[in-house]
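Have a look around this model with me. We'll begin at a pocket and then walk through the sheets.

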Amino acid sequence: MSSNLEQDILSRRTFAIISHPDAGKTTITEKLLYFGGAIRDAGTVKAKKTGKFATSDWMEIEKQRGISVTSSVMQFDYNGRRVNILDTPGHSDFSEDTYRTLMAVDSAVMVVDAAKGIEAQTLKLFKVCRMRGIPIFTFINKLDRQGKEPLELMEELEEVLGIESYAMNWPIGMGKEFLGIYDRYNKRIEQFRTEEEERFLPIDENGELAVEHEMKKTSYYTQAMEDIMLLNEAGNDFSAERVTRGELTPVFFGSALTNFGVQTFLETYLNFAPTPQPRLTEDEQIVDPLDKDFSGFVFKIQANMNPAHRDRIAFVRIVSGEFERGMNMTLSRTNKSFKVTQSTQFLADDRETVDKAVAGDIIGLYDTGNYQIGDTVVGGKKTFQFERLPQFTPELFMKVTAKNVMKSKHFHKGILQLVQEGAIQYYKTLHTEEVILGAVGQLQFEVFEHRMKAEYNVDVRMEPMGSKIARWIQNEADVKESMTGPRSMLVHDRYENLVFLFENEFAMRWFQDKNENIELYSLL
């Protein structure tokens with residue numbers, strides 16, 4: 001491998017931003033893009049009246065609601081590093097999409113609302129990161145509003161999440177009395193709402209403000225100094241190795257909305273964030289990013305990012321080597337080789353053709369229906385399959401039909417494409433082949449209905465079936481249709497596997513008592 005290519009790969013930093021809805025994830029994404037020069041104007045999600053929507057929210061329903069429901073990919077250069085940000089859906093109904101996105105990154109940035117602390121969705125996503133051993137960096141947001149005490153937030157991180165923390169900086173005051181942050185890592189004080197040339201104040205060898213300043217006379221400064229003394233004496237020690245292993249989270253305080261503390265966070269993050277990491281194949285071989293042969297996997301498929309062109313894009317995380325437009329690659333699942341002529345990189349809905357990309361980058365391949373989520377693509381002679389991406393067991397189900405029978409062709413095409421994206425799961429009844437959709441949460445159905453209308457011009461009728469317990473079957477050959485009943489419905493999934501939909505836990509236990517030989521299992 002040429003030293004240039006090796007340098008390119010080692011300059012990559014690929015991370016996802018995770019949080020509970022409304023913690024400020026999309027706002028911090030925008031500010032990072034702003035510092036990276038990717039956007040000129042960091043207009044926030046709140047600026048609805050001005051017609052400015054978050055750069056990373058491209059789908060119409062996202063603009064209407066101000067939420068992220070798809071994972072966007074954004075790339076920029078900063079201080080000699082090439083940064084790839086994956087902005088994940090914050091809404092809990094889209095945990096499956098987020099989960100797959102977390103399989104494509106090397107670290108995660110967790111955004112926490114200072115007033116609310118650790119919330120349910122943050123906890124769920126955090127557990128996924130821990131399971132994969134992904135390093136986690138924490139940004140405690142909204143310091144310009146009144147929130148919980150900083151020490152209480154640190155305690156919550158350790159108790160609720162079970163991870164040790166190290167405060168890289170510390171707030172001086174909060175809300176209307178927010179004066180700035182004491183930067184322990186860079187040994188300086190950064191002032192809030194001040195002129196650029198006065199932004200940083202030096203600290204002497206005793207850790208005190210080295211210049212005469214009004215701030216020194218405030219009780220907020222005194223309190224911050226007491227807290228820092230406590231952290232120095234009784235807090236955790238900083239260890240880059242423990243950060244890399246996901247055992248210690250560096251914590252940064254700031255305010256994304258007012259763009260305070262974000263640049264300091266970005267610069268420090270880039271010093272400690274991991275380079276592209278090796279991945280395991282299904283037969284437990286390790287693929288090193290510096291291997292010369294290209295390889296990658298599809299973690300997301302998105303249809304109609306450009307409604308004018310009815311396109312589909314397969315998002316590929318490059319695991320090893322270098323991608324070149326025009327190269328031949330093989331799809332491991334089908335063993336078919338093909339030449340890649342159309343490839344793209346992203347800033348939300350702004351895309352440009354990419355001629356070269358390396359391990360750690362995310363590229364989009366135009367898809368005519370060849371790819372599935374979890375597919376492995378390789379450029380060398382040796383084919384293999386990366387570890388499977390997890391699928392969630394849906395909990396809510398709907399029967400779906402087209403209101404206009406004449407539109408059944410568009411109806412089936414739309415469903416097929418949206419199902420291939422992995423946002424919803426597809427089932428059909430055995431003989432009548434009625435379409436049933438499964439989802440983790442209600443919002444997924446609303447997005448489905450909205451997109452069928454907006455992108456395929458099909459009005460759908462949705463009949464709720466309520467929550468069901470879906471179970472797949474290890475020994476399908478032993479299943480008889482007589483085993484079905486009003487409380488145990490038998491359907492096919494999109495891969496033609498048999499699935500039982502049980503009314504409730506009681507119905508499932510009753511079935512298992514009656515049919516001990518049938519081995520049931522669930523997805524995640």
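The lining of the largest pocket is a mix: 12 nonpolar, 9 polar and 8 charged residues. Here Ala, Val, Leu, Ile, Met, Phe, Trp, Tyr, Cys and Pro count as nonpolar, Asp, Glu, Lys and Arg as charged, and the others, Gly among them, as polar. A quick word on what you're looking at: this is a predicted model, in which local features need pLDDT of at least 70 and side-chain atom pairs count only at pLDDT 80 or more, while totals for chains, interfaces and linings use all residues. Residues are numbered from 1 along each chain as its sequence is written, and side-chain values use heavy atoms, with hydrogens and water left out.

Back to that pocket. Its volume is about 700 Å³, and of the 29 residues lining it, I373, R388, L389, Q391 and Y495 are the closest to its centre. Helix 4 (95–102), helix 10 (408–420) and strand 25 (425–429) are the elements that give two or more residues to this lining, and strand 25 gives the most, with 3 residues. As for terms, a pocket is an open set of points on a 1 Å grid over the protein atoms alone, where a 1.4 Å probe fits and protein lies on both sides within 12 Å along at least five of seven lines; lining residues have an atom within 4 Å of a point. Grid points are joined across faces, edges and corners, and the volume is the space filled by probe spheres set on them. Helices (H or I, at least four residues) and strands (E, at least two) are DSSP runs, numbered from the N terminus.

Strand 25 also takes us to a sheet. It belongs to an open, antiparallel sheet of 8 strands in the order 27-24-26-25-29-30-28-31. Strand 27 (460–467) and strand 31 (520–521) stand at the edges with a single partner strand each, so one side of each has no neighbour in the sheet. At the strand 27 end, 7 bridges join it to strand 24 (residues 396–402), running antiparallel, and A402 stands opposite V460. Two strands pair if DSSP finds at least two bridges between them.

Now try strand 4 (residues 107–113), where 7 of 7 residues are buried, meaning under 20% relative accessible area with a 1.4 Å probe and protein chains only. Both faces are covered: S107, V109, V111 and D113 lie on one side, and A108, M110 and V112 on the other. Strand 4 pairs in the parallel sense with strand 1 (residues 12–19) over 5 bridges, with S19 opposite V111. Strand 4 also runs parallel to strand 5, joined by 6 bridges, and V109 stands opposite F137 there. Strand 5 (residues 136–141) holds F139 too, which counts as buried because its relative accessibility is 0%. F139 and I17 are 122 residues apart in sequence, yet their C-alpha atoms are 9.9 Å apart in space.

One more sheet to visit. This open one has 4 strands in the order 7-8-9-10, paired antiparallel. Strand 7 (169–172) and strand 10 (200–202) are its edges, each with a single partner strand, so one side of each is left without a neighbour. Neighbouring strands are turned by 25° against each other on average, direction ignored. Helix 7 (residues 219–234) packs on this sheet, touching strand 7, strand 8 and strand 9, and its direction makes about 155° with that of strand 7. Contact means heavy atoms within 4.5 Å, and angles run from 0 to 180 degrees between N-to-C directions of axes fitted to C-alpha atoms, for helices over the stretch in contact.

Methods
Buried < 20%, exposed > 50% of the residue type's maximum accessible area, 1.4 Å probe, protein only.
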